[in-house]
Amino acid sequence: MSHTGIGSVAEEIEQFSFEVGPIRPPSEGGSASLLIRATRNCPWNRCTFCYGSSYGGKKFQLRSVDDVKKDIDAVNSIAGLINEASKATGNTGVINQEVASFLLQGNPGLNNHTGFVHVFNWLYSGGKTAFIQDADSLIMPTKDLVEILKYLKQAFPSLERITSYARSHTVARKSPGDLSALHQAGLTRLHMGLETGDDEILARIEKGVTAAQHVAAGLKAREAGFEISEYVMPDIGGRSRSSQHAKNTAMVLNKINPDFIRLRPFIPRANTPVYDEYLRGELKLSSPHERLLELKNFVEKLEVDSRLVFDHFLNPSFRSDGRIVPLFKQDYEGYKLPEEKDKILQLISRGLEIDNEKFLNANDLIGMPSL
Ligand code: SF4
């Protein structure tokens with residue numbers, strides 16, 4: 001393909017588009033992962049803290065392999081044109097601000113072209129990671145997902161990490177052979193919503209999985225070679241179930257020993273069943289200090305080699321000299337256990353010395369539609 005000027009490359013990009021879903025983990029945003037939507041929404045769609053919020057309660061749909069491949073082709077075309085612009089500006093394939101300016105000069109409308117912005121940012125960040133959307137990609141027939149993964153890897157050999165959300169229930173039902181096939185096809189990391197290891201709370205929030213199934217799924221995924229991120233929700237049991245939540249979640253994680261434990265403090269969001277429960281007074285949330293005590297209880301019981309990660313703004317932060325200061329670092333790698341356990345416990349002690357009122361109170365965000 002050859003083009004005569006800025007305008008033609010920039011205008012050609014606009015002809016290509018692909019579908020992107022609404023959600024991805026923060027760590028995939030930090031690395032500007034390429035988002036490939038293999039399914040739409042969530043096949044379970046019942047968790048009381050999520051339903052009606054994350055995917056707007058929309059119906060789950062499988063996408064056809066052909067449609068997903070067409071999206072990958074569109075990404076490839078946009079990437080090819082961006083590379084062409086890089087060469088035209090003497091940048092020999094390097095993607096930088098000069099390339100962006102060149103393209104936007106040729107077609108200012110690209111600023112609002114989601115596909116261009118997304119692919120440009122992905123390439124600008126190195127083009128090394130991709131995330132398969134939506135909520136539970138492993139629900140797809142294994143051979144279909146394998147085909148998509150292989151096609152994606154073939155299109156973009158620069159990819160070093162491909163990740164996806166996966167429900168424990170779905171992973172637990174996959175055969176070891178299917179899980180290995182997915183890993184060998186290039187899927188490297190699974191983001192799994194543990195939320196809690198306590199069976200009573202799991203039933204209350206309608207997670208559709210038991211603690212034993214969480215453990216089975218985590219172990220199976222690790223056995224197949226996946227890196228695992230397990231997401232935990234501090235305060236999901238409310239004040240009255242704080243102690244059982246901390247104890248049983250640590251117990252489940254000690255059995256799985258995942259690569260990452262990522263903390264997502266619980267907030268009742270608008271349009272979710274748990275928000276109604278909260279409004280009816282059936283669920284009392286913990287204060288900032290009580291949340292720290294739950295965290296202390298949890299961390300003390302952890303016996304894992306995982307990284308404990310606070311990569312979400314809802315983790316504890318406090319006001320100091322007119323600034324908002326996170327108590328824990330909020331990067332994507334967090335703290336290594338067991339080596340940094342004492343450091344985390346010291347930070348918790350420090351937090352407990354700060355007035356409750358100085359913390360950004362999670363309660364202020366209750367009822368927000370999406371966080
Ligand atoms: S499985 Fe995940 S996406 Fe689906 S309802 Fe539960 S929390 Fe939401």
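**A pocket between two domains**

The largest pocket of this predicted model has a volume of about 910 Å³. Here a pocket is an open set of points on a 1 Å grid over the protein atoms alone, where a 1.4 Å probe fits, with protein on both sides within 12 Å along at least five of seven lines. Grid points are joined across faces, edges and corners, and the volume is the space filled by probe spheres set on them.

Before we go further, a word on conventions. Residues are numbered from 1 along each chain as its sequence is written, and side-chain values use heavy atoms, with hydrogens and water left out. Local features need pLDDT of at least 70 and side-chain atom pairs count only at pLDDT 80 or more, while totals for chains, interfaces and linings use all residues.

Now to the walls. The largest pocket is lined by 42 residues, and Ile23, Phe49, Ser54, Tyr165 and Arg269 lie nearest its centre; a lining residue has an atom within 4 Å of a point. Sorted by class, the lining has 22 nonpolar, 13 polar and seven charged residues. Nonpolar means Ala, Val, Leu, Ile, Met, Phe, Trp, Tyr, Cys and Pro, charged means Asp, Glu, Lys and Arg, and the others, Gly among them, are polar. Strand S6 (189–195) gives the largest share, four residues, and helix H7 (168–173) also supplies at least two. Helices (H or I, at least four residues) and strands (E, at least two) are DSSP runs, numbered from the N terminus. Because domain 1 (1–133 + 140–152) and domain 2 (166–371) both contribute to the lining, the largest pocket lies between them; the bounds come from an automatic or database domain assignment.

Next, look at how two helices pack. The axes of H3 (residues 65–88) and H6 (residues 142–155) are 10 Å apart, at an angle of about 10°. Axes are lines fitted to C-alpha atoms, for helices over the stretch in contact, and angles run from 0 to 180 degrees between N-to-C directions. H3 and H6 are therefore roughly parallel, a label for angles under 35 degrees.

Finally, let's visit the backbone of some loops. In the loop between strand S4 (129–133) and H6 sits aspartate 134, and the peptide bond leading to this residue from glutamine 133 is cis, with omega near 0°. Another cis bond, also with omega near 0°, runs from leucine 337 to proline 338; this proline 338 belongs to the loop between strand S12 (335–336) and helix H14 (341–352).

Notes:
Parallel < 35°, antiparallel > 145°, perpendicular 65-115°, else oblique.
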